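Let's take a walk through this one together. Have a look at the fold, and then we'll pick a residue and work outwards.

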Amino acid sequence: RVAEKKLKRVINSRLTRVYCFYHWYQNHHKLCNLVGPYECAITSDFTLKSKRKKSSNEYYLIYPLLYRRIGRSSKHATEYSATAKDVNDLEDYFRKEATEYISERNSLMMAIASSVGFRRGSLNSLRCAQFSDEELKKTLDDCIVVNPDKQKFDANLNYKIPILLAYRIREFITTVRKCMLSLKGFNEAVTLDRIFLSARNGHPLNDASVSDIFGKAFKAIGTTQARTSTHALRRKFAQDRIQINFEQRAELK
C-alpha cells in the first residue's frame, strides 16, 4: 500500500546504516577484506568521505546497493532557518492579504508550522474533526494530540499541539472558514473536512500551493535564498527546541 518510491527511500535509509555499521566494525576490530572498493565481502569505498573534491556519483560508490532515482536530493533550501523576525514579517505580510479568509488561513498555517514543526504535507492534511469540541476536551495537560493523515514515509506519529493554538484553529474553522464557504456558496462536501481550503473553489489546498504561498511570502519580506518555504519554519522549530534543551541542561549543570 506504500508508493514504491517512498518504500525505496526507507530501504535506502536502513541500508545506509548497515553499511556504516560494517565500516565501523572493520575499523575497530582491524578486520581485512570486509568492507572496501575491491575484492572485499562488501564493496563500498568509504575513503571517498574524507576527500574534499566529491563526484556526483560518490554516494553510490559508498553505498552501491542503494536504489537510485528515488528523490533523495531535497529541493527545499534546507540550509535556511527562519528567524523570529521572519515570523513577524510574514505575519505583517499575510495581514495585508486582500480577504480576511486568506489572511487568517496563511497566518494560521505559519503559526502551526513554527509551533509544531510539521512538514507541508502534514500541515495541509489536518482535518476539522481533529479539532472538534469533543477532541479539545481530551486535553493532555496544555496540549492536544493530533495524528496528521499525511506523514513522510507513511509514518504514524502523534504530535502535541499547544492548547491555545488548538483553540485558535477551532475558532478559525467555526468562524472565518465557515463564513467563506457560506458567502461563496461552497458545499462542505467538497472540502473533504480539510481545514485549509482554496478560496477560489473551496477544495483542499494541494501541497504545492502551500509551498507557493510561503515561497512568495519569504521572497516578499526580503529572503534572498532560493526555494525558501515552509521547511524554513520547520528548521526554526527544531532550533528553538534545541536552544530550550541547552538552557534546561545548563540550569541543571
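Start at I112 and set aside its neighbours within four places in sequence: I112 is then in contact with G117, F118, L123, L126, L165, I169 and F196. Keep in mind that you're looking at a predicted model.

Off to one side of that picture, there's another core of ten residues, and V35, F46, L48 and I62 are among them.

Back to the main one. The largest nonpolar core has 43 residues, and I112 is one of those that touch the most other members, along with F131, I161, I195, F196 and F214. Several elements chip in at least two residues each: α3 (84–94), α4, β3 (143–146), α7 (163–184), α8 (207–220) and α9 (230–251). The top contributor is α7, with nine residues in this core.

Now for α4 itself, which covers residues 100–116. From first C-alpha to last, its 17 residues reach 24 Å, close to the 24 Å expected. Most of α4 is tucked away, with 13 of its 17 residues buried. Right after α4 comes G117, with a positive phi near 85 degrees.

What about the cysteines? The structure holds zero disulfides. C20 can't bond to its closest cysteine partner because the sulfur in C40 is 16 Å away, too far for a bond. C40 has a cysteine sulfur at 8.7 Å, in C32, but that is also too far for a bond. As for their surroundings, C20 is partly exposed, at 31% relative accessible area, whereas C40 is buried, at 18%.

How values were computed
Residues numbered from 1 in each chain as written. Predicted model: local features only at pLDDT ≥ 70, side-chain atom pairs only at ≥ 80, totals over all residues. Heavy atoms only, no water. Helix = DSSP H or I, 4+ residues; strand = E, 2+ residues; numbered from the N terminus. Expected span 1.5 Å × (residues − 1). Buried < 20%, exposed > 50% of the residue type's maximum accessible area, 1.4 Å probe, protein only. Core = buried A, V, L, I, M, F, W, Y, C linked by side-chain atoms within 4.5 Å. Contact = heavy atoms within 4.5 Å. Disulfide = S-S within 2.5 Å.
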